[in-house]
Amino acid sequence: MVALAAAIAVLAGLGAGIGIGIATGKAVEAIARQPEAAGDIRTSLILGCALAEATAVYGLVASILIIFLLK
């Protein structure tokens with residue numbers, strides 16, 4: 001049961017990976033359409049990716065805590 005709970009917590013990493021991939025694709029499309037706005041787009045992309053990656057780290061920490069503290 002603990003392994004199942006940890007696996008569900010790790011799904012946060014899967015969601016973050018998909019989100020970062022979609023955001024990167026849209027940012028590349030936006031830069032291709034408006035190259036003069038590349039700096040602003042890149043800044044927003046990096047900020048969004050950092051927040052999404054933080055969510056993945058929270059899921060990892062939660063899964064590690066579930067595995068080691070609920071035995």
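User: What makes Ala 6, Ala 9, Ala 16, Ile 20 and Ala 27 in helix 1 count as buried?

Analyst: This is a predicted model, and buried here means under 20% relative accessible area. Those five residues of helix 1 are listed as buried, so each of them falls under that 20% cut-off. As for what lies over them, the cover includes helix 2.

User: And which residues are buried in helix 2?

Analyst: Ala 38, Ile 41, Cys 49, Ala 56, Gly 59, Ser 63 and Ile 66 are the buried ones there. Helix 1, residues 2-33, is part of what covers them. The two helices cover each other's buried residues, at least in part.

User: Why is Ala 7 called partly exposed?

Analyst: Ala 7 sits in helix 1, and its relative accessible area is 43%. Buried would need under 20% and exposed over 50%, so at 43% Ala 7 lands in between and is called partly exposed.

User: What about Ala 30, why is that partly exposed?

Analyst: Ala 30 is in helix 1 too. Its relative accessibility is 26%. Since the buried class stops at 20%, Ala 30 misses it and counts as partly exposed.

User: How far apart in space are Ala 7 and Ser 63?

Analyst: They're 7.1 Å apart, C-alpha to C-alpha, with their positions 56 residues apart in sequence. Now try Ala 30 and Ile 66: their positions differ by 36 residues, but their C-alpha atoms are separated by 40 Å.

User: How do you know what share of contacts links residues 24 or more positions apart?

Analyst: Take the contacts in the chain with a separation of 6 or more; 74% of them join residues 24 or more positions apart. A contact here means heavy atoms within 4.5 Å.

User: What are the helices and strands of the chain, by number?

Analyst: The chain has two helices and zero strands. Its radius of gyration is 16 Å, while the globule rule gives 11 Å for 71 residues; 16 Å is well over that, so the chain is more spread out than a compact globule. The C-alpha box tells you its proportions: roughly 55 × 15 × 5 Å along the principal axes.

User: What span is expected for helix 1 and helix 2, and what do they reach?

Analyst: Helix 1 has 32 residues and reaches 48 Å from first C-alpha to last, close to the expected 46 Å. Helix 2 has 32 residues as well, and its reach of 46 Å is close to the 46 Å expected.

User: What makes Ile 64 eligible for a nonpolar surface patch?

Analyst: Ile 64 belongs to helix 2, residues 38-69, and is partly exposed at 40% relative accessible area. Patch members need over 30%, so 40% clears that bar. Its partners in the patch include Leu 60, Val 61 and Phe 68, and the whole patch has about 850 Å² of accessible area.

User: How much of the chain is buried, and how much area does it expose?

Analyst: 18% of the 71 residues count as buried. The chain exposes about 5,100 Å², with 75% of that coming from carbon and sulfur atoms.

Definitions and conventions. Residues are numbered from 1 along each chain as its sequence is written. This is a predicted model: local features need pLDDT of at least 70, side-chain atom pairs count only at pLDDT 80 or more; totals for chains, interfaces and linings use all residues. Side-chain values use heavy atoms; hydrogens and water are left out. Patches are made of residues with over 30% relative accessible area and no salt bridge: like charges are joined within 9 Å, nonpolar side chains (Val, Leu, Ile, Met, Phe, Trp, Tyr) within 5 Å. Accessible areas come from the Shrake-Rupley method with a 1.4 Å probe; for residues, only the protein chains shown count as cover. A salt bridge is a side-chain nitrogen of Lys or Arg within 4 Å of a carboxyl oxygen of Asp or Glu. Helices (H or I, at least four residues) and strands (E, at least two) are DSSP runs, numbered from the N terminus. Buried means under 20% relative accessible area, exposed over 50%, partly exposed in between (1.4 Å probe, protein chains only). The radius of gyration is taken over C-alpha atoms; the globule rule is 2.2 Å times the number of residues to the power 0.38. The expected span of a helix is 1.5 Å times one less than its number of residues.
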